[in-house]
Amino acid sequence: MALVLKSIYHILNDIKGDPRNDEHGFIGVGSPFPVLAIIACYVYFVKVLGPKIMANRQPFDLTKVIYVYNLFQVLFNLYIGTVGIYNSYWNSAFSITCQPIDYTIRTPQMNKLIFITYLYYSSKYVDLLDTIFFVLRKKFNQITFLHVYHHAGMIFATYVFCKYLAGSHGTLLGVVNSFVHVFMYSYYFLTSFKPELKNSLWWKKHITQIQLLQFAILVIHFINPIFFFECGHPKFVAVIGVTQNLFMFLLFSDFYYKAYVKKRN
């Protein structure tokens, strides 16, 4: 495993990324080492150090902090999704069936899309606060493998996309995921006013269904460049997209079955 990670690190560190990132002065899309270090620190804190620190302490009351955080997430993701779709699929020059990786495209719409891609990448670091809040509130039962894997995996995946694949076929992932987060954090925001909604399986069930729909759409989307359309987009990148989203679909399906089907029966 160590040799595999070392090889991945050298490959990502040696390959020249999208030069348009350098022009915009984006921070955090250089060497993969800081990204991997942050992911390692995150996993260690939420699974080991955090629970150890909180073992003999009272849980923090973060009601007001979480209230502001959820509102910020709704507005931030709404901005990313809206501006993202306007500068991509709303533009007739941008293909939903097969959009290539082309660093030479420097239209105003593409420049704005690259900026939004960077904001989306940055938002994945903000998402880590979800788990930090679980630790500080001693909600350790919610720090599941699915939760931690999803957050850590999204950090690395969006780093790779922002550095090498911005403005290409995978743009739909960021757009769809941003709108899913709008719906999800709107629910969290509402529960700040009406805590009784936390016990509503109707809300939770439909949030999970929307997440499952998201992964299904993305699997189909990434299949296009592999079998049906040719635009110069690397097939191995699309294969990774299919594999990862299919894996997430299976994980969320397992959660859905245990939480809403098996428990109800």
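Is tyrosine 188 buried, partly exposed or exposed, and at what relative accessibility? In this predicted model, tyrosine 188 has a relative accessibility of 31% and therefore counts as partly exposed; the legends below take up this residue and several other sites.

**View 1. The tilted pair of tyrosine 187 and tyrosine 188, and the edge-to-face pair of tyrosine 89 and phenylalanine 94.** The structure holds 16 aromatic pairs. In one of them, the rings of tyrosine 89 and phenylalanine 94 have their centres 5.1 Å apart and their planes at 90°, so this pair is classed as edge-to-face, and both of its residues are buried. The rings of tyrosine 187 and tyrosine 188 have centres 5.5 Å apart and planes at 55°, so that pair is tilted. Tyrosine 187 is buried, at 5% relative accessibility, whereas tyrosine 188, at 31%, is partly exposed.

**View 2. An aromatic cluster with members in helix α5.** One aromatic cluster is formed by Phe26, Tyr118, Tyr121, Tyr125, Phe156 and Tyr159. Tyr118 and Tyr121 are also among the buried residues of helix α5.

**View 3. Helix α5 and the helices that its buried residues pack against.** Helix α5, residues 108-127, has 20 residues and reaches 29 Å from its first C-alpha to its last, which is close to the 28 Å expected at 1.5 Å a residue. Its buried residues include Met110, Leu113, Ile114, Ile116 and Leu119, together with the polar or charged side chains of Thr117, Ser123, Lys124 and Asp127. The buried residues of α5 pack against α2 (19-24), α3, α4 (63-86), α6 (129-136), α7 (145-165) and α8 (171-193).

**View 4. A salt bridge between buried side chains in helix α5.** The side chains of aspartate 127 and lysine 124 meet in a salt bridge, with an N to O distance of 3.0 Å. The two residues are three apart in helix α5, so about one helical turn separates aspartate 127 from lysine 124. Both partners are buried, aspartate 127 at 3% relative accessibility and lysine 124 at 2%.

**View 5. Salt bridges of glutamate 230 with lysine 235 and of lysine 258 with aspartate 254.** The structure has four salt bridges, and two of them are taken up in this view. Glutamate 230 forms a salt bridge with lysine 235, the closest N and O atoms being 3.4 Å apart; glutamate 230 is exposed, with a relative accessible area of 61%, while lysine 235 is partly exposed, at 36%. The side chains of lysine 258 and aspartate 254 meet at 3.2 Å, N to O, and both residues lie in helix α10, four residues apart, about one turn of the helix. Aspartate 254 is partly exposed, with a relative accessible area of 38%.

**View 6. Asparagine 245 and its contacts.** Asparagine 245 lies in helix α10, which comprises residues 235-262, and is buried, with a relative accessible area of 5%. Residues up to four places away in sequence being left aside, asparagine 245 touches Leu173, Phe215, Leu218, Val219 and Phe222.

**View 7. A nonpolar surface patch that includes isoleucine 53.** Tyr44, Val48, Leu49 and Ile53 form a nonpolar patch on the surface, with about 330 Å² of accessible area together. Isoleucine 53 is found in helix α3, residues 32-54, and is partly exposed, with a relative accessible area of 37%.

Methods:
Residues are numbered from 1 along each chain as its sequence is written. This is a predicted model: local features need pLDDT of at least 70, side-chain atom pairs count only at pLDDT 80 or more; totals for chains, interfaces and linings use all residues. Side-chain values use heavy atoms; hydrogens and water are left out. Rings of Phe, Tyr and Trp (its six-membered ring) pair if their centres lie within 6.5 Å; planes under 30 degrees apart count as stacked, over 60 as edge-to-face and the rest as tilted. Buried means under 20% relative accessible area, exposed over 50%, partly exposed in between (1.4 Å probe, protein chains only). Patches are made of residues with over 30% relative accessible area and no salt bridge: like charges are joined within 9 Å, nonpolar side chains (Val, Leu, Ile, Met, Phe, Trp, Tyr) within 5 Å. Accessible areas come from the Shrake-Rupley method with a 1.4 Å probe; for residues, only the protein chains shown count as cover. Contact means heavy atoms within 4.5 Å. The expected span of a helix is 1.5 Å times one less than its number of residues.
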